[in-house]
Amino acid sequence: MMTAKKPKGPPLWAVDVARKASRGMTQIQRRMAPPSAVLVEMVSGMWRPYALGLIAELGIADLLAGGARSVDELARETGSNAEALLRVLRPLAHDGILASPAPRTFALTSLSQPLRSDHPKSVRQSVRQSMSDWARGCWNDLAECVRTGEPAFPRQHGGRDLWTWFHEDAQEDGEVFHDSMNEFTRLTLPLILAVHDFSAYRRVLDLGGGQGTLVGGLLAAHAQLTGGVLDLPGALAGAPDYLAGLGVAQRCELIEGSVFGDIPGGWDAYLMKHILHGCSDAQISELLGHVREALPPGARFIALEMLVPEDPSGTYPAFIDIQMLVGSGGRERSASEYRDLFAAHGLKLESVARTASPVSLLVCSRA
Ligand SMILES: C[S@@+](CC[C@H](N)C(=O)[O-])C[C@H]1O[C@@H](n2cnc3c(N)ncnc32)[C@H](O)[C@@H]1O
């Protein structure tokens with residue numbers, strides 16, 4: 001049976017050393033400047049993402065893919081005012097995000113190459129998604145979220161969650177969101193494959209699997225696997241083309257349904273990537289009840305999530321927890337918080353596999 005060679009991620013000790021070194025450098029830089037200056041610089045750092053979001057939105061990196069171009073050409077092609085665009089591109093060049101090889105002329109640097117739509121490690125849609133009107137709108141309401149403990153998104157969208165809103169009113173925002181998830185999954189896939197042996201399974205179902213990026217990658221790496229993706233109807237729209245492009249469509253079933261009640265039995269492994277962190281504890285309880293009901297004896301349930309470290313000084317992408325607070329009302333959790341939630345629903349957390357990215361695999365069986 002043909003199985004692709006297991007990809008090797010970077011050793012975790014090297015990742016830890018690199019993260020600590022980078023954190024140490026930042027602390028040293030901060031100690032060298034007066035605290036007031038550091039704070040003002042931090043808060044003015046908010047302007048950079050706006051500029052970055054705009055160039056991702058306008059597709060400036062795609063226009064620069066063939067080489068340097070003048071701001072006048074870029075403005076013409078994007079329907080922008082050249083003098084205003086110049087004022088956005090100039091600080092990005094100062095920052096090393098773009099280069100400016102001649103006056104009023106800009107080019108990509110190695111840092112901005114992944115803003116190209118066709119870059120193999122593109123993050124263009126992730127940048128667009130993070131800076132989208134709806135995402136920024138949630139953060140604008142942070143004070144109210146902190147006052148009430150309630151997320152902003154449903155309050156701002158007639159009580160609807162993100163998925164209903166994408167489906168009913170905002171297909172284009174939905175496409176950018178799903179594309180951004182695909183980008184992130186493609187970046188982390190080799191690191192996931194490096195820490196868990198998927199050759200042990202025959203049938204893998206990804207719950208809330210969007211356009212099938214994770215399952216598609218697993219099927220491409222393991223010829224013995226068949227797969228499935230269960231998601232809401234609108235979210236599966238891009239899956240057939242994506243899976244066909246990988247040459248695995250024949251081995252992958254697409255199931256329209258909700259994780260709150262439509263989880264089929266009979267699979268060897270049930271994956272759930274970046275779903276639990278979007279849920280409140282009450283939603284998780286309902287969800288895990290359905291998972292436990294569907295999980296056959298001997299099968300595995302694998303949640304892929306970012307973990308809050310048990311050690312309070314540990315690093316993790318802490319700000320995404322605020323995104324959960326303002327967006328869906330979910331939260332990031334530690335491994336022991338997940339272990340307790342799983343245990344309360346008849347699931348035993350067997351192992352936690354860290355990847356070299358912020359994502360860990362929480363592998364569970366029936367208790
Ligand atoms: C944060 S995205 C994660 C997508 C994918 N698992 C990944 O990591 O790239 C959440 C996914 O859950 C899906 N979803 C939300 N509510 C759902 C429900 N009730 N049933 C099934 N899928 C749902 C969304 O459509 C979306 O694809």
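The exchange below covers the ligand shell, the domains and the main sheet.

Biologist: What kind of model is this, and from where are residues numbered?
Modeller: This is a predicted model: local features need pLDDT of at least 70, side-chain atom pairs count only at pLDDT 80 or more, and totals for chains, interfaces and linings use all residues. Along each chain, as its sequence is written, residues are numbered from 1.

Biologist: Which residues come nearest to the ligand?
Modeller: The shell has 17 residues (near means a C-beta atom, placed from the backbone, within 6 Å). It divides into seven nonpolar, eight polar and two charged (Asp, Glu, Lys and Arg count as charged; Ala, Val, Leu, Ile, Met, Phe, Trp, Tyr, Cys and Pro as nonpolar; the others, Gly among them, as polar). Nearest come Met181, Gly208, Gly210, Ala235 and Lys273.

Biologist: How many Å separate the centres of domain 1 and domain 2?
Modeller: Domain 1 spans 45-117 and domain 2 spans 144-366 (bounds from an automatic or database domain assignment). Taken over C-alpha atoms, their centres are separated by 34 Å.

Biologist: Which strands stand at the edges of the open sheet?
Modeller: Seven strands run in the order 6-5-4-7-8-10-9, with mixed pairing (strands are DSSP runs of E, at least two residues, numbered from the N terminus; a pair needs at least two DSSP bridges). Each edge strand has a single partner, so one side is left without a neighbour in the sheet. They are strand 6 (252-256) and strand 9 (347-354).

Biologist: What is the bridge partner of Leu347 in strand 10?
Modeller: Strand 9 and strand 10 (residues 359-366) pair in the antiparallel sense, over seven bridges. In strand 10, Leu347 has as its bridge partner Arg366.

Methods. Helix = DSSP H or I, 4+ residues; strand = E, 2+ residues; numbered from the N terminus.
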